[in-house]
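User: Could you give me a close look at one helix in this model and then work outward to what surrounds it? I'm a first-year student, so please connect the steps for me.

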There are 2 protein chains.
Amino acid sequence: MTYCLGMLVEDGLVMLADTRTNAGVDNISTYRKLRIVANPPDRLVAIASAGSLSTTQAAMQRLEGGVLNPETGELDTFLTVPSIFAAALAAGRAIRMSRDALSGLQQENVNFDATLLIGGAVGDEPPRLFLVYAAGNVIECGPDTPYLQIGETKYGKPILDRALRHSCPIPEAIKIALISFDSTMRSNLAVGPPLDLLVIRNGQRGGESVRRITDDDEYFRDLARRWSEALAHARAEIPDPTY
Amino acid sequence: MTYCLGMLVEDGLVMLADTRTNAGVDNISTYRKLRIVANPPDRLVAIASAGSLSTTQAAMQRLEGGVLNPETGELDTFLTVPSIFAAALAAGRAIRMSRDALSGLQQENVNFDATLLIGGAVGDEPPRLFLVYAAGNVIECGPDTPYLQIGETKYGKPILDRALRHSCPIPEAIKIALISFDSTMRSNLAVGPPLDLLVIRNGQRGGESVRRITDDDEYFRDLARRWSEALAHARAEIPDPTY
């Protein structure tokens with residue numbers, strides 16, 4: 001399993017992903033799922049992936065060489081596409097082609113589906129965020145629900161629905177993202193640290209990198225402890241039911 | 001969808017279920033999922049159900065007439081079984097038989113699986129709680145993880161993992177259950193009010209009934225509001241990240 005989260009707020013884009021990958025509970029390892037895939041001066045494209053690792057890796061290889069765009073007849077790569085939307089469509093085609101190429105193995109009863117979050121900016125456009133489904137279709141994140149999730153999405157969703165608004169400042173969004181991951185990691189062992197964090201601020205592009213938040217990161221440990229204590233306190237403050 | 005929760009704590013058993021049932025998002029109605037199915041002086045058996053309504057209803061009909069116990073050659077009903085464990089096994093056989101009888105319809109691409117929570121007590125035994133899987137096998141709730149869930153389980157699980165202990169007093173357990181349902185109903189429209197609550201206290205059997213907690217129940221509304229405010233306060237109290 002995996003959990004990846006993208007948040008698009010007024011001031012920019014936040015992406016957070018775990019690094020645990022597993023083929024059964026008896027085969028767990030660490031694998032980077034959030035990475036910057038293109039970062040020349042005119043653009044920044046980042047991808048987080050969930051699902052079949054072989055499909056994702058094959059798709060990334062395919063994209064480096066270029067994926068045929070049936071509308072223009074050209075080979076799209078993350079360095080040539082004119083927008084993040086076009087990057088998401090190209091990744092969708094790559095995911096679908098890679099999955100279909102593997103599907104000859106389907107007698108093995110393995111699921112080769114993979115989903116992606118693609119975030120970033122091309123030129124002067126503000127950051128955008130897309131979810132790429134296994135079938136290759138994409139949806140864009142908008143202000144009404146300013147986040148997209150892939151992988152193990154449910155444990156960490158209530159806090160997002162309660163707390164995240166498009167108007168949240170970026171530090172607040174990062175806090176909410178870390179709480180969402182803390183809840184998920186407590187309930188599903190297949191989502192685990194370290195976490196990878198990427199922040200892209202509107203109009204301040206340059207020098208972005210993926211920051212690794214390890215198990216013993218002081219801020220994250222403090223946040224998890226404070227959150228747990230605050231929840232316990234909040235429960236204690238609610239009067240007992242009369243029924 | 002549906003969400004049903006059973007909690008087995010030191011002082012007794014708490015069961016809580018929603019009442020929303022749906023066949024697609026365009027066909028939603030209210031249906032009682034938690035009910036007392038046997039309540040003569042010597043026993044109390046309660047069932048909460050999730051999944052296919054037709055399988056569940058067929059199984060309940062079957063159980064009224066008695067389900068063959070292959071080990072004793074007798075027809076088991078909730079009024080004759082010697083323990084809650086035996087009740088769970090009988091319900092498991094009924095669920096499986098009902099599902100298999102419907103499976104001739106499987107070209108319709110409908111899922112006829114159903115799962116149950118069975119709780120209660122027979123004679124002087126303390127309350128017990130079981131989960132009955134669609135295949136008819138059962139697991140019992142124990143003190144290490146003092147709860148079982150069926151249906152839409154994930155949104156409401158983090159608060160259980162954080163807060164519920166076998167030593168929780170019953171009012172505390174009810175509070176935690178209501179918070180778990182509040183989180184679930186915010187994130188999944190297919191789980192909805194009113195809620196049905198059943199409490200069985202150790203050594204104090206008699207007069208139990210399912211209490212309906214409606215949308216405008218004052219205690220539940222107050223709990224949801226306090227919880228929301230406390231979470232917002234807790235987030236505000238956590239210092240901003242430095243990354």
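Analyst: To judge the length of a helix, we first need an expected span, which is 1.5 Å times one less than its number of residues. Keep in mind as we go that this is a predicted model.

Let's take helix H4 of chain B, which covers residues 170-187. H4(B) has 18 residues, and from its first C-alpha to its last it reaches 26 Å, close to the 26 Å expected at 1.5 Å a residue. Helix H2 (residues 84-102) of chain B passes a similar check: its 19 residues should span 27 Å, and its end C-alpha atoms are 27 Å apart, which agrees.

How much of H4(B) is covered? A residue counts as buried if 20 or more other C-beta atoms lie within 10 Å of its own. By that rule, 15 of the 18 residues of H4(B) are buried, so the helix is mostly covered. H2(B) has buried residues too, among them Ile84(B), Ala87(B), Ala88(B), Ala91(B) and Ile95(B). A general point helps when you look along a helix: an α-helix has 3.6 residues a turn, so residues three or four places apart point the same way.

What does H4(B) lie across? Beneath your eye, if you follow the helix, are three strands of chain B: S1 (3-9), S2 (12-17) and S13, with H4(B) running at about 160° to S1(B). Those three strands belong to an open sheet of five, in the order S12-S1-S2-S13-S14, with antiparallel pairing. Strand S12 (147-151) and strand S14 (211-213) of chain B stand at the edges, and each has a single partner strand, so one side of each is left without a neighbour in the sheet. From one strand to the next, the twist averages 15°. At the S14 edge, three bridges pair S13(B) with S14(B) in the antiparallel sense, and there Asp196(B) stands opposite Arg212(B).

Leaving H4(B) towards S13(B), the chain passes through a loop that holds Pro194(B). The peptide bond from Pro193(B) to Pro194(B) is cis, with omega near -5°. Chain A has a matching spot: Pro194(A) sits in the loop between H4 (170-187) and S13 (195-201) of chain A, and the bond from Pro193(A) to Pro194(A) is cis as well, with omega near -5°.

That brings us to how the two chains are related. A turn of 180° and a shift of 0.0 Å along the axis lays chain A on chain B with an RMSD of 0.0 Å. This is the relation of a two-fold axis. In chain A, the C-alpha nearest the axis belongs to Tyr155(A), 2.6 Å from it. The same surface serves both copies, since 100% of the contact residues of chain A recur in chain B.

The contact between the chains takes 31 residues from chain A and 31 residues from chain B. On the chain A side, H4 appears again: H3 (157-163), H4 and H5 (218-237) each supply at least two residues. The largest share, ten residues, comes from H5(A). Sorted by class, this side of chain A has 16 nonpolar, four polar and eleven charged residues.

Finally, look at strand S1 in chain A (residues 3-9). Seven of its seven residues are buried, so S1(A) is largely enclosed by the rest of the structure. Both faces are covered, with Tyr3(A), Leu5(A), Met7(A) and Val9(A) on one side and Cys4(A), Gly6(A) and Leu8(A) on the other. Five bridges join S1(A) to the antiparallel strand S12(A), where Gly6(A) stands opposite Leu148(A). Six bridges join S1(A) to S2(A), also antiparallel; here the bridge partner of Cys4(A) is Ala17(A). With two residues between them, S1(A) and S2(A) form a hairpin.

Leu8(A) of that strand leads to one last residue: Pro127(A) is in contact with Leu8(A), as well as with others including Gly12(A), Leu13(A) and Ile200(A). Pro127(A) lies in the loop between strands S9 (114-122) and S10 (128-132) of chain A. Is Pro127(A) buried or exposed? With 26 other C-beta atoms within 10 Å, Pro127(A) is buried.

How values were computed:
Residues numbered from 1 in each chain as written. Chains lettered and ligands numbered in written order. Predicted model: local features only at pLDDT ≥ 70, side-chain atom pairs only at ≥ 80, totals over all residues. Helix = DSSP H or I, 4+ residues; strand = E, 2+ residues; numbered from the N terminus. Buried ≥ 20, exposed ≤ 12 C-beta atoms within 10 Å, placed from the backbone. Contact = placed C-beta atoms within 7 Å. Pairing = 2+ DSSP bridges. Nonpolar A, V, L, I, M, F, W, Y, C, P; charged D, E, K, R; others polar. Least-squares fit on C-alpha atoms with pLDDT ≥ 70 in both. Axes fitted to C-alpha atoms, helices over the stretch in contact; angles between N-to-C directions.
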